[in-house]
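Here is a short tour of a structure, meant to be read with the model open beside you. We will go from the overall layout to the packing of helices, and end with a few single residues.

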Amino acid sequence: MDNAQTVLQFFMNQKATIGYSFMALLTIGGERIFSMVSFQCPCNHNQNFAYGLTFLLGPAAVLLVLSLFLSPRLWRLYTGCCLDPMKLCPRGNCCGCFRVLLSIFTGACVAPVMWLSVALLNGTFYECAISGVDDNLVVDLFCRNNTVKCREELARVPCQRSGLSKDQQMDLLQMFRAQSQILGWAIIITASICGLLGTCYRRCRSKVSYLQLTFWKRYMEKEKERFDTFAVDYATKLAERNLKSFFENKGPDPFPLPSHKAWEEISEYYTFSRSEQCYSILQRFVERSDRDFNPEKRPVLDMEHAIEMT
């Protein structure tokens with residue numbers, strides 16, 4: 001039993017690493033499927049570049065959008081900001097807001113960077129795109145010591161249907177793939193260095209010590225876990241109360257809920273302050289002496305995902 005708990009605790013502590021590893025495997029698998037099943041380079045000067053670049057950058061753009069769409073931090077910051085623009089920068093803290101947005105965006109870039117790295121290391125999309133570039137500098141780079149025929153047949157090399165000899169085709173393909181892999185490794189190295197420098201900078205500027213930061217992270221994980229449990233429990237009780245009132249044809253029992261203002265306050269993005277020693281916006285709210293204890297008597301939601309209450 002103890003061994004099982006140890007293994008479970010290890011996986012819980014390494015869930016970020018495991019998540020990124022799983023994402024990397026999905027990216028590699030998706031790239032292989034695209035390469036073998038759906039990708040067919042047209043092998044002509046007019047379409048190669050656009051077609052190859054679409055397969056190279058298109059999935060990366062989709063992954064970026066999906067990562068942003070699935071980011072709870074983004075929606076926590078963005079929800080309701082059209083009605084209250086100050087919610088984006090509470091207390092006029094524009095620098096803090098910018099840091100949060102930058103953190104959200106860099107986190108969303110993990111999947112696109114993985115896709116670009118894997119796709120470039122494979123080289124299939126790049127060699128199709130680069131062979132269709134109609135630029136003298138690019139053509140001269142590949143056909144510098146070859147005949148005019150190389151310039152005419154360059155776009156057909158990825159399909160290995162050009163009029164060049166097999167040796168010439170293999171040399172060009174090796175050049176394409178070498179450049180693609182160099183770019184892939186450049187992206188990996190740049191992303192790794194930027195990630196390390198960003199982490200070092202954040203830790204260097206941290207207002208709390210390493211152990212307190214570890215405790216803070218554990219607390220936030222537990223608070224979120226317990227919030228989800230409480231939310232499900234209270235939503236179930238409220239639903240049961242309303243259904244009981246409906247079917248029994250009598251008035252509902254009292255069921256106090258936090259006010260709209262309270263929900264708004266605990267939905268703000270939290271920044272740590274040494275003077276308060278609070279570890280979340282929820283803790284800051286419950287420890288306030290002037291907090292509003294008046295329950296919401298009649299919540300009104302507009303449409304399906306409404307937040308405005310009257």
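Helix axes here are lines fitted to C-alpha atoms over the stretch in contact, and the angles between them run from 0 to 180 degrees between N-to-C directions. With that in hand, please keep in mind that this is a predicted model.

**Overall layout**

The chain has 13 helices and zero strands, so the pattern along the sequence is simply α repeated, as listed from the N terminus. Of its 310 residues, 26% count as buried. Among contacts with a separation of 6 or more, 60% join residues 24 or more positions apart.

**How α3 packs against its partners**

A good place to start is α3, which spans residues 48–69. The table sets out its packing with α5, α6 and α7.

| Helix pair | Angle | Axis separation |
|---|---|---|
| α3 and α5 | about 130 degrees | 8 Å |
| α3 and α6 | about 160 degrees | 8 Å |
| α3 and α7 | roughly 150 degrees | within 6 Å |

Let us take α7 to begin with. The axes of α3 and α7 come within 6 Å and cross at roughly 150 degrees. Angles over 145 degrees count as roughly antiparallel, and that makes α3 roughly antiparallel to α7. The crossing of this pair is left-handed. On the α3 side, the contact is made by Asn 48, Phe 49, Tyr 51, Gly 52, Leu 53, Phe 55 and Leu 56, while α7 brings Phe 125, Cys 128, Ala 129 and Ser 131. Sorted by class, these are eight nonpolar, three polar and no charged residues.

How does α6 meet α3? The two pack at an angle of about 160 degrees, with their axes 8 Å apart, and α3 and α6 are therefore roughly antiparallel to each other. Here α3 passes α6 in a right-handed crossing. From α3 the contact draws on Phe 55, Leu 56, Leu 57, Pro 59, Ala 60, Leu 63, Leu 64 and Ser 67, and from α6 on Ala 111, Pro 112, Trp 115, Leu 116, Ala 119 and Leu 120. By class there are 13 nonpolar residues, one polar and no charged ones.

Leu 63, in helix α3, offers a view of this contact from a single side chain. Setting aside residues up to four places away in sequence, Leu 63 touches Ala 111, Pro 112 and Trp 115. Its C-alpha atom is separated by 9.9 Å from that of Met 114, 51 residues apart along the chain. At 26% relative accessibility, Leu 63 counts as partly exposed.

The remaining partner in the table is α5, residues 94–108. At an angle of about 130 degrees, α3 and α5 are oblique to each other, and α3 passes α5 in a right-handed crossing. Leu 64, Ser 67 and Leu 68 of α3 meet Ile 104, Phe 105 and Ala 108 of α5. These residues divide into five nonpolar, one polar and no charged.

**The nonpolar cores**

The largest nonpolar core has 25 residues, and Phe 125, Ile 130, Phe 142, Leu 172 and Phe 176 touch the most other members. Two or more residues come from each of α3, α6 (110–122), α7 (124–131), α8 (136–142) and α10 (166–204). Beyond its neighbours within four places in sequence, Phe 142 is in contact with Ile 130, Cys 150, Leu 154, Leu 172, Met 175, Phe 176 and Gln 179. Another core, of eleven residues, lies apart from this one and includes Val 208, Ile 266, Tyr 279 and Ile 281.

Helix α7 deserves a second look: seven of its eight residues are buried. These are Phe 125, Tyr 126, Glu 127, Cys 128, Ala 129, Ile 130 and Ser 131.

**Two residues with positive phi**

Finally, which loop holds Cys 43? Cys 43 sits between α2 (15–38) and α3, and has a positive phi of about 60 degrees although it is not a glycine. With a relative accessible area of 4%, Cys 43 is buried.

Asn 249 lies in the loop between α11 (210–248) and α12 (260–266). Its phi is near 55 degrees, a positive value in a residue other than glycine. At 72% relative accessibility, Asn 249 counts as exposed, whereas Cys 43 is buried.

Terms used: Residues are numbered from 1 along each chain as its sequence is written. This is a predicted model: local features need pLDDT of at least 70, side-chain atom pairs count only at pLDDT 80 or more; totals for chains, interfaces and linings use all residues. Side-chain values use heavy atoms; hydrogens and water are left out. A nonpolar core is a set of buried Ala, Val, Leu, Ile, Met, Phe, Trp, Tyr and Cys residues joined through side-chain atoms within 4.5 Å. Buried means under 20% relative accessible area, exposed over 50%, partly exposed in between (1.4 Å probe, protein chains only). Helices (H or I, at least four residues) and strands (E, at least two) are DSSP runs, numbered from the N terminus. Contact means heavy atoms within 4.5 Å. Angles under 35 degrees count as roughly parallel, over 145 as roughly antiparallel, 65 to 115 as roughly perpendicular and the rest as oblique. A crossing is left-handed if the near helix is turned anticlockwise from the far one by less than a right angle, and right-handed if clockwise. Ala, Val, Leu, Ile, Met, Phe, Trp, Tyr, Cys and Pro count as nonpolar, Asp, Glu, Lys and Arg as charged, and the others, Gly among them, as polar.
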